[in-house]
Amino acid sequence: VVFDSTFGADNLIKLIQNDSSISFKIVVIPDTSRGKIHMLNQYNSTKEFFVNKYGNENVVDGYDINNEIFNDVSDYFDIIYFANPYDSMVHNFHGIEYNASKNILPIYIPYAFQPDKYCRSIISQKNMALCWKIFSDTEYSIKEYKKYSLNYGKNVILSGYSKMDKLEESYFLTSSNKRKQIIIAPHHTITNKDLPLSNFLRLKDYILNLPQKFPGVDFIFRPHPLLFTNMINEGFWTLDDKENYIQKLKEKGIKCSFGGDYFSLFARSDAMIHDCSSYIVEYLFVDKPCCFVIRSNMKKILCKLGIECLKCYNIARTEDDIDKFISSVCSSTANKFENRRKKVLPKIKYNYPNSSKIIFEEIKKLIY
């Protein structure tokens, strides 16, 4: 696991913990593609998250920070779940292709839904064809694998999106605060020409002014884990600029949510404003109003799944559009797409909240 927020096997581990024939370890591995500062900061925060969650005894270092050595732990495992499909982002020891060459069965559980055409560049990678099993989220994705993967999706199983299984236990969480809570979730693709989603450059100051415009709303800032890293690496900010922005958010009364899972955040919220592709599908699970901020022609970016889901959204092209959406949330009139959501939800909630059981049963076939 590189990023704690991309982990999709939480409920799978619960099933493993109740089965004496299988044991598990979480191997934390570093992102080697975005500079050493990011690599070490992300590695430490991911490790801390999993140590707190599963105990130090169940977490293995994929990197020796003191000696700056990458650890090859592949010989200790029979099956390895990869939460990261990008071999170019990690050391060779931690990539799917290298581990597939060993006496190991690699499995891939998607870290995000695949509603955009950019995902085809993941599906068509050699390492995807080298996985023993890929556990896909929807019928839409199955068709994408059959069309674009090197082995025509022969190793893909329709399990449902196991990452969202954990959301079910968050539904009992209710906020005692009667104020509206709205999530602001900007994506990281600031200059990415293949996935031009992020509006953060043009909206970063606008976000800071929201509490003054809407004093009756609690805003929660939940950026993509790579947003600030990209702002720095691509020359828009310095490290001090990042820290100053976070401080301004707090001074304005905007709560910040960094890293870890976000299911309780979803469950407690009243609405979300974002430009993240996977959230186009994920937030529909909570069946609440949502606003997608458009930067470019989404029909050129999204595949069929994304287009279907985006029909359930309020669309914002300007700051005024976002203001109108927030006002409708405040007046409880923002639910005009409720009927559309009800039609789409059965298509994306395949096996929810039991997708992890499908994966677990597939693994168990190796034992019995």
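This is a short tour of selections to make in your viewer, stop by stop.

Before you start, note that this is a predicted model, in which local features need pLDDT of at least 70, side-chain atom pairs count only at pLDDT 80 or more, and totals for chains, interfaces and linings use all residues. Residues are numbered from 1 along each chain as its sequence is written, and side-chain values use heavy atoms, with hydrogens and water left out.

**Stop 1: the sheet**

Select strands 9 to 14 in the order 11-10-9-12-13-14, and you have an open sheet of six strands with parallel pairing. Helices (H or I, at least four residues) and strands (E, at least two) are DSSP runs, numbered from the N terminus, and two strands pair if DSSP finds at least two bridges between them. Strand 11 (255–256) and strand 14 (314–316) are the edges; each has a single partner strand, so one side of each lacks a neighbour in the sheet. Now zoom in on strand 13 (residues 290–293), which runs parallel to strand 14 and is joined to it by three bridges. Cys291 has Asn314 in strand 14 as its bridge partner.

Next, add helix 14 (residues 319–330), which packs on the sheet and touches strands including strand 9 (180–185) and strand 12 (271–274). Contact means heavy atoms within 4.5 Å. The direction of helix 14 makes about 170° with that of strand 12; axes are lines fitted to C-alpha atoms, for helices over the stretch in contact, and angles run from 0 to 180 degrees between N-to-C directions.

**Stop 2: His188**

Pick His188 in the loop between strand 9 and helix 7 (200–213). His188 counts as buried, at 15% relative accessibility; buried means under 20% relative accessible area, exposed over 50%, partly exposed in between (1.4 Å probe, protein chains only). Show Asn230 too: its side chain and that of His188 are joined by a polar contact of 2.9 Å. Such a contact is a pair of N or O atoms within 3.5 Å; within protein, one must be able to donate a hydrogen and the other to accept it, and residues adjacent in sequence count only if both atoms are side-chain atoms.

**Stop 3: backbone oddities**

Most residues other than glycine have a negative phi, and most peptide bonds are trans. Select Tyr152, a non-glycine residue with a positive phi of about 60°, in the loop between helix 6 and strand 8. Finish at Tyr352 and Pro353, joined by a cis peptide bond with omega about 0°.
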